[in-house]
Amino acid sequence: MLLYPKKVCRFLGISKRLLRKAVPTPDLIMFSDTGAEKPITYDHICKAEKLAGKAAIPFLRVRHAKISLPDWLERNGNLPLMPGAKHVCSLKFKGQIMAKN
């Protein structure tokens, strides 16, 4: 997926073969959208999606089918992750959604 492998190899001082072995091309790139990302995150995702297209790697955007993270938090009276919590938001709006796809 690296678009500039020669530059990366030169910078790292390794061969293209070693680079491809260390950083294999992914089969798929997936982004789980919570509906609460910062605008810069969406900008980066758009750029990543274009780069994936150039490299012929499928890029899949997924999200919870019924509710966004902010709406879920408000409905349940929850706050985002607090120290010592169990990452429920990450599991519900990223892990579980990605596992279904």
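**Exercise 1.** Is Y42 buried, partly exposed or exposed, going by its relative accessibility?

*Solution.* Keep in mind that this is a predicted model. Start with the number: Y42 has a relative accessibility of 22%. Next, bring in the cut-offs: buried means under 20%, and exposed means over 50%. The value sits in between, so Y42 counts as partly exposed.

**Exercise 2.** Work out how the rings of F31 and Y42 are arranged.

*Solution.* The structure has one aromatic pair. Take the distance: the ring centres of F31 and Y42 are 6.4 Å apart, and the limit for pairing is 6.5 Å. Now take the angle: the planes stand at 90°, so this pair is edge-to-face. Then look at where the partners sit. F31 belongs to strand 1 (residues 29–33) and Y42 to helix 3 (residues 39–54), so the pair ties together parts that are eleven residues apart in sequence.

**Exercise 3.** Find out what surrounds F31.

*Solution.* Check accessibility to begin with: at 9%, F31 counts as buried. Then go through its contacts, skipping neighbours within four places in sequence: they include Y42, I45, F59 and K94. Finally, see which core F31 joins. The largest nonpolar core has six residues, namely I29, F31, I45, A52, I57 and F59. At least two residues of this core come from strand 1, and at least two from helix 3. Another core, of five residues, lies apart from it, with I67, L69, W72 and L73 among them.

**Exercise 4.** Locate I14 and say which surface patch it helps to make.

*Solution.* Look along the chain: I14 is in the loop between helix 1 (5–12) and helix 2 (16–22). Now turn to the surface: F11, L12, I14 and L18 make a nonpolar patch of about 400 Å².

Notes: Residues are numbered from 1 along each chain as its sequence is written. This is a predicted model: local features need pLDDT of at least 70, side-chain atom pairs count only at pLDDT 80 or more; totals for chains, interfaces and linings use all residues. Side-chain values use heavy atoms; hydrogens and water are left out. Rings of Phe, Tyr and Trp (its six-membered ring) pair if their centres lie within 6.5 Å; planes under 30 degrees apart count as stacked, over 60 as edge-to-face and the rest as tilted. Helices (H or I, at least four residues) and strands (E, at least two) are DSSP runs, numbered from the N terminus. Buried means under 20% relative accessible area, exposed over 50%, partly exposed in between (1.4 Å probe, protein chains only). A nonpolar core is a set of buried Ala, Val, Leu, Ile, Met, Phe, Trp, Tyr and Cys residues joined through side-chain atoms within 4.5 Å. Contact means heavy atoms within 4.5 Å. Patches are made of residues with over 30% relative accessible area and no salt bridge: like charges are joined within 9 Å, nonpolar side chains (Val, Leu, Ile, Met, Phe, Trp, Tyr) within 5 Å. Accessible areas come from the Shrake-Rupley method with a 1.4 Å probe; for residues, only the protein chains shown count as cover. A salt bridge is a side-chain nitrogen of Lys or Arg within 4 Å of a carboxyl oxygen of Asp or Glu.
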